[in-house]
Amino acid sequence: MVKAILAHLTGSECDDGVLTTAKRVGAPFGAHLECFHLRPNLAVLAAEAVRPEGDEDGLKISNRFEILRKQVKESAHRAHMAFAAFCRRENVPMAGAPPGPGGVTAAWLEKTAGDIEPLISQARFNDLAVVA
């Protein structure tokens with residue numbers, strides 16, 4: 001029996017497929033979909049934005065960081081919008097945790113980290129993980 005499904009949302013065009021798959025698998029069981037977005041840690045991204053050559057000026061580094069910051073924010077926004085649109089379109093009620101009220105339910109969860117460990121940890125609390 002599958003009661004809790006982790007659906008990893010990235011803010012990409014794959015999100016709808018992840019959500020649809022999770023719902024199809026979970027529907028016979030009235031499963032709860034935990035829709036999870038892992039937001040990259042900006043401090044880690046900033047460290048990666050600085051090249052070891054050290055010949056770039058501060059403006060180039062600042063511009064690169066600003067682009068990364070914007071991409072992270074937009075990705076999180078797209079993931080959340082895909083989640084909300086899916087719930088509306090598929091009539092999936094939002095609930096905090098399983099069990100749902102007799103059908104598939106969903107919840108939004110977002111965490112910030114420098115690696116994928118939170119995704120792995122979150123998957124341990126679910127019966128199934130759907131990723132793309």
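**Why these labels?**

Q: What makes Arg89 count as partly exposed?
A: In this predicted model, Arg89 has a relative accessibility of 45%. Buried means under 20% and exposed means over 50%, so Arg89, at 45%, lands in between and counts as partly exposed.

Q: How do you know that the side chains of Arg89 and Asp16 meet in a salt bridge?
A: Check the N to O distance, which is 2.6 Å. The cut-off is 4 Å between a side-chain nitrogen of Lys or Arg and a carboxyl oxygen of Asp or Glu, so the Arg89 and Asp16 pair passes.

Q: Why does the Arg89 and Asp16 pair tie together parts that are apart in sequence?
A: Arg89 belongs to helix α3 (residues 58-89) and Asp16 to helix α1 (residues 15-26), so the pair connects parts that are 73 residues apart in sequence. Asp16 has a relative accessible area of 36% and is partly exposed. The pair also belongs to a bigger picture: Asp16, Lys23, Arg89 and Glu90 are linked in a network of salt bridges.

Q: How many salt bridges does the structure hold?
A: There are seven salt bridges in the structure. One of them joins the side chains of Glu66 and Arg69, at 2.4 Å from N to O.

Q: What separates Glu66 and Arg69 in helix α3?
A: About one helical turn, because Glu66 and Arg69 are three residues apart in helix α3. Glu66 has 38% relative accessibility and counts as partly exposed, while Arg69 is partly exposed at 30%.

Q: Why is the meeting of the Lys70 and Glu74 side chains called a salt bridge?
A: The N to O distance is 4.0 Å, and the rule accepts anything within 4 Å, so the Lys70 and Glu74 pair still gets the label. Lys70 and Glu74 sit four residues apart in helix α3, which again comes to about one helical turn. Lys70, with 48% relative accessibility, counts as partly exposed, and Glu74 is partly exposed at 35%.

Q: Cys87 is in no disulfide, so where is the nearest cysteine sulfur?
A: The nearest cysteine sulfur to Cys87 is that of Cys35, 6.0 Å away. A disulfide needs the two sulfur atoms within 2.5 Å, so 6.0 Å does not qualify. By that rule, the count for the structure is zero disulfides.

Q: Is Cys87 buried or exposed?
A: Cys87 has a relative accessible area of 5%, and the cut-off for buried is under 20%, so Cys87 is buried. Cys14, in contrast, has 33% relative accessibility and counts as partly exposed.

Q: Why is the pair formed by the rings of Phe83 and Trp108 called tilted?
A: Their centres lie 5.6 Å apart, and ring centres within 6.5 Å make a pair. The planes of Phe83 and Trp108 stand at 40°; stacked would need under 30 degrees and edge-to-face over 60, so tilted is what remains. A search of the whole structure finds one aromatic pair.

Q: What makes the Phe83 and Trp108 pair a link between distant parts of the chain?
A: Phe83 is in helix α3 and Trp108 in strand β3 (residues 105-113), with their positions 25 residues apart in sequence. Phe83 is buried, with a relative accessible area of 1%, whereas Trp108 is partly exposed at 23%.

Q: Why is Ala106 called buried?
A: Ala106, found in strand β3, has a relative accessible area of 0%. Buried means under 20%, so the label applies to Ala106. Leaving aside neighbours within four places in sequence, Ala106 is in contact with several residues, including Phe83, Cys87, Cys35 and Met94.

Q: What separates the C-alpha atoms of Ala106 and Glu34?
A: A distance of 5.8 Å, with Ala106 and Glu34 being 72 residues apart along the chain. For the protein overall, take contacts between residues at least 6 apart in sequence: 77% of them join residues at least 24 apart.

Q: Which pattern does the protein follow along the sequence?
A: The order is β-α-β-α-α-β-α-β, giving four helices and four strands. Of its 132 residues, 33% count as buried. The protein exposes about 7600 Å², and carbon and sulfur atoms supply 58% of that area.

Note on methods:
Residues are numbered from 1 along each chain as its sequence is written. This is a predicted model: local features need pLDDT of at least 70, side-chain atom pairs count only at pLDDT 80 or more; totals for chains, interfaces and linings use all residues. Side-chain values use heavy atoms; hydrogens and water are left out. Helices (H or I, at least four residues) and strands (E, at least two) are DSSP runs, numbered from the N terminus. Buried means under 20% relative accessible area, exposed over 50%, partly exposed in between (1.4 Å probe, protein chains only). Contact means heavy atoms within 4.5 Å. Accessible areas come from the Shrake-Rupley method with a 1.4 Å probe; for residues, only the protein chains shown count as cover. Rings of Phe, Tyr and Trp (its six-membered ring) pair if their centres lie within 6.5 Å; planes under 30 degrees apart count as stacked, over 60 as edge-to-face and the rest as tilted.
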